[in-house]
Amino acid sequence: MQRFILPLVLGAAWLLGGCVGMPPELAAGGPYRDITPAEARAGEFDGERVRWGGAVVQAVPQDGMTCFDMVGLPLDQRGEPFESDNSSGRFQACIEGFFDPAIYSNGRHATFTGRIDGSVAQRIGEAEFQLPRLRADQVHLWPRRREVQYVPYPAPYYWDPFYDPYWRYRRLE
């Protein structure tokens, strides 16, 4: 009996471990340098392959390509940006083809892979900044996260159509 338990446990761990992998388009093309957009602003990392992600500020279709203005966010082990109050820096990612700004709208999370390709001047509010530009070859749009509120039900033995747990706190009129 014991000789069946170990292969069963290892097989279950292998199957469940495959569920948390990175999307194939983000895993291909590596290795990637661990450079943040704030570090790339200096211009000394041009041509390096990176994987950056964050929240979309705007998507601007141009002639044959779409450029995304992004707020960089840290990535988890799957390559998905997670909410954080610490930005890794703003950047612009440009990719060949048309990506609809209605789908890639403000606040959506996306991850890009590609090469750093210089910088671009961008006006944010009243100031002008130099943002690193990413010549992207892959983009992955993450599904929207929805907050789910769980409502606990009482244990089955407490269920009673006439039971009211707040009877002591009712105000009599």
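**Strands, a disulfide and two pockets**

Strand E1 and strand E2 (residues 65-72) run antiparallel and are joined by eight bridges. This pairing is a convenient point of entry into the structure, which is a predicted model. Within the pairing, the residue that stands opposite Ala59 is Phe68 in E2. The two strands form a hairpin with two residues between them, and in this hairpin Gly64 takes a positive phi near 85°.

E1 also has a second partner. Strand E1 (residues 49-62) pairs with strand E4 (residues 109-124) in the antiparallel sense, over seven bridges. In this pairing, Gly53 has Thr111 of E4 as its bridge partner. E1 is thus bridged to E2 and to E4.

The wider arrangement of the chain can now be set out. The protein chain holds three helices and five strands. Read along the sequence, these elements follow the pattern α-α-α-β-β-β-β-β. Of the 173 residues of the chain, 32% count as buried. Among contacts between residues at least 6 apart in sequence, 63% join residues at least 24 apart.

A covalent link accompanies these contacts. A disulfide is a covalent bond between the sulfur atoms of two cysteines. The structure holds one disulfide, and this disulfide joins Cys67 to Cys94 with an S to S distance of 2.1 Å. The pair links distant parts of the chain: Cys67 belongs to strand E2 and Cys94 to strand E3 (residues 89-96), with 27 residues of separation. What is the handedness of the disulfide of Cys67 and Cys94? The torsion about the S-S bond is about 110°, so the disulfide is right-handed. Both Cys67 and Cys94 are buried.

Three individual residues illustrate how separate parts of the chain meet. Ala55 lies in strand E1. Is Ala55 buried or exposed? Its relative accessibility is 16%, and because buried means under 20%, Ala55 counts as buried. When its neighbours within four places in sequence are left aside, Ala55 is in contact with Asp69, Met70, Val71, Leu73, Gly107, Arg108 and His109. In addition, the C-alpha atoms of Ala55 and Pro81 are separated by 7.8 Å, although these residues are 26 residues apart along the chain.

The second of these residues, His140, lies in strand E5 (residues 127-141). His140 has a relative accessibility of 16% and therefore counts as buried. Which residues does His140 contact, leaving aside its neighbours within four places in sequence? They are Pro23, Glu25, Leu26, His109, Ala110 and Thr111. His109 thus appears in the contacts of Ala55 and in those of His140, while Thr111 is in contact with His140 and is the bridge partner of Gly53.

The third residue, Gly97, is placed in the loop between E3 and E4. Gly97 is partly exposed, since its relative accessible area is 30%, a value in the range between the limits of 20% and 50%. Apart from residues up to four places away in sequence, Gly97 touches Gly64, Met65 and Thr66. Among these is Gly64, the residue with the positive phi in the hairpin of E1 and E2. The C-alpha atoms of Gly97 and Pro61, which are 36 residues apart along the chain, are separated by 8.5 Å.

Finally, the pockets may be considered. The largest pocket has a volume of about 250 Å³. Its lining consists of 17 residues, of which Asp34, Ile35, Arg51, Trp52 and Leu75 lie nearest its centre. Which element contributes the largest share of this lining? E1 does, with three residues. By class, the lining of the largest pocket has nine nonpolar, four polar and four charged residues.

The second largest pocket holds about 170 Å³ of space. Its lining is made up of Glu80, Pro81, Phe82, Glu83, Asn106, Gly107, Arg108, His109, Trp142, Pro143, Arg144 and Arg145. By class, these comprise four nonpolar, three polar and five charged residues. Several names recur here: Gly107, Arg108 and His109, which line this pocket, are also in contact with Ala55. Pro81, another residue of the lining, is the residue whose C-alpha atom is 7.8 Å from that of Ala55.

Technical notes
Residues numbered from 1 in each chain as written. Predicted model: local features only at pLDDT ≥ 70, side-chain atom pairs only at ≥ 80, totals over all residues. Heavy atoms only, no water. Pairing = 2+ DSSP bridges. Helix = DSSP H or I, 4+ residues; strand = E, 2+ residues; numbered from the N terminus. Disulfide = S-S within 2.5 Å. Buried < 20%, exposed > 50% of the residue type's maximum accessible area, 1.4 Å probe, protein only. 1 Å grid on protein atoms, 1.4 Å probe; cavity = no way out; pocket = protein on both sides within 12 Å on 5 of 7 lines; lining within 4 Å. Points joined across faces, edges and corners; volume = space filled by probe spheres on them. Nonpolar A, V, L, I, M, F, W, Y, C, P; charged D, E, K, R; others polar. Contact = heavy atoms within 4.5 Å.
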